[in-house]
Amino acid sequence: MKIVVCVKYVPDATANRSFTADHTVDRVGVDGMLSELDEYAVEEALKIRDAAGDDTQVVVLTVGPEQARAAILKSLQMGADEGVHVSDDAIHGSDAIATSLVLAKAIEAQGADIVLCGMASTDGSMSVVPAMLAERLGLPQVTFGSEVTVDGSTVRVRRDGDAATETIEASLPVLVSVTDQANEPRYPSFKGIMAAKKKPVAELTLSDLGLDAGEVGMDAAWTKVLDTQERPPRTAGTVVSDEDGTGADQLVEFLAGQKFI
Amino acid sequence: MTEILVLVDHVDGTVRKTTAELLTIARRLGEPVAVFVGSGLADAREALKQYGAEKVYVLDSADLVDYLVAPKAEALAQLMEAKQPGAVLIASNAEGKEIAGRLAIKTSSGLITDAVDVQPGDDGPTTTQSVFAGGFTVNAAVTRGTPIITVKPNSATPEPVEGAASEEAFEVTVSDAAKTARIAESKPRQATGRPELTEAAIVVSGGRGTGGNFEPVEAFADSLGAAVGASRAAVDSGWYPHAYQVGQTGKTVSPQLYVATGISGAIQHRAGMQTSKTIVAVNKDEEAPIFELVDFGVVGDLHTVLPKATDAVNARKG
Ligand SMILES: Cc1cc2nc3c(=O)[nH]c(=O)nc-3n(C[C@H](O)[C@H](O)[C@H](O)COP(=O)(O)OP(=O)(O)OC[C@H]3O[C@@H](n4cnc5c(N)ncnc54)[C@H](O)[C@@H]3O)c2cc1C
Ligand SMILES: Nc1ncnc2c1ncn2[C@@H]1O[C@H](COP(=O)(O)O)[C@@H](O)[C@H]1O
């Protein structure tokens, strides 16, 4: 079996994230990392591989700038077997639609029984790439799994929806995305870190995937950012201490003043 | 006038508040038309009419509800092809965004997710989004195909306008390819009697500081008629169900009032509540980052402050 895990390189959420002059996310000026939510996808793939106990391969795939290799390296350190890094200057500024096109081509080239994704990227947070990939690849979409079981050629997930908890079932090949409830991602061990250095990482460009520069990037985007603005910081509020026991009364006074009561 | 399609968000015909908001937004852009998928129309009819739906397209087929997302996207693509709407508005929840994503690819249309405002513009609707945990706002527009926009709850005040709500059944064909992810089982969530978290005007949340006792949080919420939320620390500890988690990997809320109690204010929590109109916190640590966000804060123990405040609110209500 072959499992392809899509992982994204994102700016650190605790750093000062911002935009560059062309309104794209600044991925160079701030520290980047493997999106924390994609660690759950890597972990799930490793669990499926280990449970299968056969020659199942876990390949991690990322589309992103040169630095994005760090996301692959971290996944290999966790235990993935191989990496595929699609990098091309023309990809800069791609929206989810173009990103899903590049990912889909790369997955087709690999061939996968299971495609695993995270629930959202921590920078864009659109949560649409997995559904788009399923659409493009014609695979069953089994997304937002909070519990995943692979039973022969059947995949079953628990999906905690807004109104109900559902069990979704599909046959391989399949696209699965997992939430942060699905598992507890492992930390790379020293052995894992050493082993990762020797694992193969394929570097691909658009032309390797048979794609044209005109199909991706900012000019091919089907949406346009008109402008971006930093939100003014919230004006400092009133903070009172309850040391004298009046905190609750002052709070209720405030709420009443704002007509919440 | 061009039709603006609004996918009705409902549970067995009970229409969610976001649909009224979307119909209100649709009216700014053209003629509001509701798209009702599934059964239960009888219960939904009045709400759709009351918030201005001029037409209701009814798509009722078991194939549309027995499988995850894909059939709905297929049906909407067929409807778009037939009706050539000016835009499609969908509620920004997990399923809504997935339908929108697939629909965008099927119809070669630009997609904008998580809009907090949509206004008419010279070249079609322009949207406002709030990104990076609310640190930035982005204005954008769709440049190709039919704009498909998912809109967050509380992005507009629903305006009651009587619409004609004339009904038209629309036949869809669902391909076998769309019927591969089967919903084998569905357990509806238990009703709490409190307002729906993402729709509530007031949300009171508890975190690790509750120490596992949510009673004071719930009692205070009930005195205010609020929904109850929780931080991930509280959810991960098993103190409160995941469905009530506020934040990056939980729900995004944007109520009139958000009360954070025993919550430190980590960036991932902020991502789910930072756009709330008024923010209040109770935390015993005066250095807690949540105080950087508040309009009003109390440095104190939630186990003493909340019960007192609950009594005081109840007393005021008489
Ligand atoms: C990928 C990722 C996604 C995440 N998604 C989310 C998310 O969706 N939602 C979310 O909330 N978090 C999320 N987190 C976790 C987040 O980083 C924080 O760990 C979490 O929000 C902390 O919860 P807390 O504020 O309840 O706990 P803590 O940070 O431990 O804070 C507890 C607070 O309670 C106060 N306190 C203690 N006792 C009392 C008392 N008796 N009275 C009053 N105050 C008291 C303390 O002073 C402290 O400030 C995510 C993290 C990651 C890495
Ligand atoms: N550039 C990318 N490279 C690899 N995987 C990605 C990329 N962008 C998104 N993904 C995958 O799609 C998921 C959802 O991303 P998004 O739709 O951007 O929120 C992520 O968790 C990843 O698994």
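A polar contact here is a pair of N or O atoms within 3.5 Å. With that in hand, welcome to this predicted model, in which an oxygen atom of ligand 2 sits 3.0 Å from a polar backbone atom of Val128(A). Ligand 1, for its part, lies between chains A and B. The points below go through both ligands, then a pocket, a cavity and a few places in chain A.

**Ligand 2**

- Besides Val128(A), the backbone of Val129(A) offers a polar atom 2.9 Å from an oxygen atom of ligand 2.
- Met126(A) takes part through its backbone as well, with a polar atom 3.2 Å from an oxygen atom of the ligand.
- Taken on its own, ligand 2 has 480 Å² of accessible area, and the protein covers 97% of that.
- Four elements of chain A give two or more residues each to the shell: strand S4 (57-63), helix H3 (96-110), strand S6 (114-118) and helix H4 (129-137).
- S4(A) gives the most to this shell, with three residues.
- There are 19 residues around ligand 2, and those that come nearest are Cys6(A), Asp38(A), Val63(A), Ser121(A) and Ser127(A).
- By class, the shell holds 11 nonpolar residues, six polar ones and two charged ones.

**Ligand 1**

- Ligand 1 has 28 residues around it, of which Arg208(B), Ser231(B), Ser264(B), Gln268(B) and Asn283(B) come nearest.
- Arg208(B) also places a polar side-chain atom 2.6 Å from an oxygen atom of ligand 1.
- Gln245(B) does likewise through its side chain, where a polar atom lies 2.8 Å from an oxygen atom of the ligand.
- With Val246(B) the backbone is involved: one of its polar atoms is 2.8 Å from a nitrogen atom of ligand 1.
- The protein covers 83% of the 980 Å² of accessible area that ligand 1 has on its own.

**The second largest pocket**

- This pocket contains about 830 Å³ of space.
- Its lining numbers 37 residues, and Arg208(B), Arg232(B), Ala233(B), Ala266(B) and Gln268(B) are the closest to the centre.
- Two of these names will be familiar, as Arg208(B) and Gln268(B) are also among the residues nearest to ligand 1.
- Both chains supply elements to the lining: helix H1 (36-52) comes from chain A, while helix H7 (232-236), helix H8 (267-270), strand S16 (278-283) and helix H9 (302-317) come from chain B, each with at least two residues.
- H1(A) gives the most, with four residues.
- The lining is made up of 11 nonpolar, 16 polar and 10 charged residues.

**The cavity**

- Searching the whole structure turns up one cavity of 30 Å³ or more.
- The space inside the largest cavity is about 30 Å³.
- Its lining consists of Thr24(B), Arg27(B), Tyr51(B), Glu159(B) and Val161(B).
- Sorted by class, those lining residues are two nonpolar, one polar and two charged.

**Helix H4 of chain A**

- H4(A), one of the elements that give residues to the shell around ligand 2, is mostly covered, with seven of its nine residues buried.
- The buried residues of H4(A) are Pro130(A), Ala131(A), Met132(A), Leu133(A), Ala134(A), Glu135(A) and Leu137(A).
- After the helix comes Gly138(A), which has a positive phi near 65 degrees.

**Thr56(A) and Ile193(A)**

- Thr56(A) belongs to the loop between H1 and S4 of chain A.
- Is Thr56(A) buried or exposed? Thr56(A) counts as buried because its relative accessibility is 3%, and the cut-off for buried is under 20%.
- The side chain of Thr56(A) makes a polar contact of 2.5 Å with the side chain of Asp54(A).
- Ile193(A) is part of helix H5 (residues 190-196) of chain A.
- Why does Ile193(A) count as partly exposed? Its relative accessibility is 31%, and the partly exposed class lies between the buried limit of 20% and the exposed limit of 50%.
- Which residue of chain A, 115 residues apart from Ile193(A) along the chain, has its C-alpha atom 7.7 Å from that of Ile193(A)? That residue is Met78(A).

Terms used. Residues are numbered from 1 along each chain as its sequence is written. Chains are lettered from A and ligands numbered from 1 in the order in which they are written. This is a predicted model: local features need pLDDT of at least 70, side-chain atom pairs count only at pLDDT 80 or more; totals for chains, interfaces and linings use all residues. Side-chain values use heavy atoms; hydrogens and water are left out. On a 1 Å grid over the protein atoms alone, a cavity is a set of points where a 1.4 Å probe fits but cannot get out, and a pocket is an open set with protein on both sides within 12 Å along at least five of seven lines; lining residues have an atom within 4 Å of a point. Grid points are joined across faces, edges and corners, and a volume is the space filled by probe spheres set on the points. Ala, Val, Leu, Ile, Met, Phe, Trp, Tyr, Cys and Pro count as nonpolar, Asp, Glu, Lys and Arg as charged, and the others, Gly among them, as polar. A residue is near a molecule or strand if one of its heavy atoms lies within 4 Å of it. A polar contact is a pair of N or O atoms within 3.5 Å; within protein, one must be able to donate a hydrogen and the other to accept it, and residues adjacent in sequence count only if both atoms are side-chain atoms. Accessible areas come from the Shrake-Rupley method with a 1.4 Å probe; for residues, only the protein chains shown count as cover. Buried means under 20% relative accessible area, exposed over 50%, partly exposed in between (1.4 Å probe, protein chains only).
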